Amino acid sequence: MELSKEQKDAEKQRKRIILNAWTIFEKTCQSPPPKKDYCQVIVTTEGVIFRRWEIVLRKGIPIYPIENIISKIDVADDERLLSELERNFGVDVKDQVVHLCSESEDYVTKLPQKLLVRVASYLGLEDIIALAHTCKSFRRVCLVDSLWRNVYLQHNGTINPAIEQLAREYSWRKIFFTNKLKLQMLLSRQRSQLFSTSTTSLVQLSVQDNKEVDNCELVSVTSNTPTLCN
């Protein structure tokens, strides 16, 4: 169905608003083989602009991008756009674009979690605790285990392998807030478990070796026993 003149003018106006809006995210990449086209995605405060330049080997031919301009409210439902973003940029970029186009206007919480964790790692302990009480997004950031590993390292200077192994079993946040006496008890328990496991393995190995020796002796005795003839 062909659009009327008023609808075409409204569509042009909509695209112009998205193109002229403030840019909050931009990324470029080369498509995966076999095409290897050049792609660009721009997220503005009003929508998303996706461009793709097809790479051709013939010289002298002008290359114009294939351009899709989508309003912010339509991004989450545009399967074609989401498929192109995931295929060319990956799942993380696709999820970030969708998150940036959500209804919330708080662009700080829309940053990638890895970046927020990196920023939080520069804060002091009291500031991290205060940040965790601001909103659910920052609370999730402040519960990331890698953040508390950095906090532990800042306060203790070094991390030995025993503490590293203990943190895998519990968590770095719990290790950090555990007092030294209880931490020594946990380390002692871990060493006892490792010793018990290694001892059990040695006993099992010894029993297996003895069985093999007994079997060998039985075979030897059987082979040397004379047979009776009728």
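Read along the sequence, this protein follows the pattern α-β-β-β-β-α-α-α-α-α-α-α-α-α. In total, the secondary structure comes to 10 helices and 4 strands. I should say at once that this is a predicted model, and I shall speak of it in those terms.

Let me give the overall figures. The protein has 230 residues, of which buried residues make up 29%. Its accessible surface comes to about 16700 Å², and 55% of that surface belongs to carbon and sulfur atoms. As for the contacts between residues at least 6 apart in sequence, 42% join residues at least 24 apart.

I turn now to the strands, beginning with strand 2, which spans residues 38-44. Thr 44 is found in this strand. Is Thr 44 buried or exposed? Its relative accessibility is 2%, so Thr 44 counts as buried. Setting aside residues up to four places away in sequence, Thr 44 touches Ile 18, Ala 21, Trp 22, Thr 23, Ile 24 and Ile 49. With one of these residues there is also a polar approach: a polar atom of the Thr 44 side chain lies 3.3 Å from the backbone oxygen of Ile 18.

Next, the aromatic side chains. How many aromatic pairs does a search of the whole structure find? The search finds 5. One of them is formed by Tyr 38 and Trp 53, with 5.3 Å centre to centre and 55 degrees between the planes, and this pair is tilted. Tyr 38 lies in strand 2 and Trp 53 in strand 3, residues 47-53, so the pair ties together parts that are 15 residues apart in sequence. Both partners retain some accessibility: Tyr 38 counts as partly exposed at 37% relative accessibility, and Trp 53 counts as partly exposed at 21%. The value for Trp 53 deserves a remark, because buried means under 20% relative accessible area, and at 21% Trp 53 therefore counts as partly exposed. Elsewhere in the chain, Trp 148, Phe 176 and Phe 177 form one aromatic cluster.

I come now to the charged residues. Side chains of opposite charge can pair when their charged atoms come close. A search of the whole structure finds 9 salt bridges, and I shall describe several of them.

The first example is a salt bridge between Arg 51 and Glu 67, whose closest N and O atoms are 2.6 Å apart. This pair links distant parts of the chain, with Arg 51 in strand 3 and Glu 67 in strand 4, residues 66-71, the two being 16 residues apart. What is the burial state of each partner? Arg 51 counts as buried, at 16% relative accessibility, whereas Glu 67 counts as partly exposed, at 37%.

Another example joins the side chains of Arg 52 and Glu 54, which meet in a salt bridge at 3.7 Å, N to O. Arg 52 is buried, with a relative accessible area of 11%, while Glu 54 is partly exposed, with 40%. These two residues belong to a wider arrangement, in which Asp 37, Arg 52 and Glu 54 are linked in a network of salt bridges.

A further example is found among the helices. Glu 164 forms a salt bridge with Arg 149, and the closest N and O atoms are 3.2 Å apart. Because Glu 164 lies in helix 8, residues 161-169, and Arg 149 in helix 7, residues 145-156, the pair ties together parts that are 15 residues apart in sequence. Arg 149 is partly exposed, with a relative accessible area of 29%.

Let me add a word on helix 3, residues 91-100, where Lys 94 is found. At 17% relative accessibility, Lys 94 counts as buried. Leaving aside neighbours within four places in sequence, Lys 94 is in contact with Leu 82, Leu 85 and Glu 86.

Finally, the surface. Which residues make a nonpolar surface patch of about 320 Å²? The patch is made by Val 108, Leu 111, Leu 115 and Val 119. Of these residues, Leu 115 is found in helix 4, residues 113-120. Leu 115 is partly exposed, with a relative accessible area of 41%.

To close, I return to two points. In the strands, Tyr 38 and Trp 53 connect strand 2 with strand 3, and Arg 51 and Glu 67 link strand 3 with strand 4. In the helices, Glu 164 and Arg 149 tie helix 8 to helix 7.

Technical notes:
Residues numbered from 1 in each chain as written. Predicted model: local features only at pLDDT ≥ 70, side-chain atom pairs only at ≥ 80, totals over all residues. Heavy atoms only, no water. Buried < 20%, exposed > 50% of the residue type's maximum accessible area, 1.4 Å probe, protein only. Polar contact = N/O pair within 3.5 Å; in protein donor to acceptor, adjacent residues only side chain to side chain. Contact = heavy atoms within 4.5 Å. Phe/Tyr/Trp six-rings, centres within 6.5 Å; stacked < 30°, edge-to-face > 60°. Patch = residues over 30% accessible without salt bridge, like charges linked within 9 Å, V, L, I, M, F, W, Y side chains within 5 Å. Areas by Shrake-Rupley, 256 points an atom, 1.4 Å probe, with all protein chains shown as cover. Salt bridge = Lys/Arg side-chain N within 4 Å of Asp/Glu carboxyl O.
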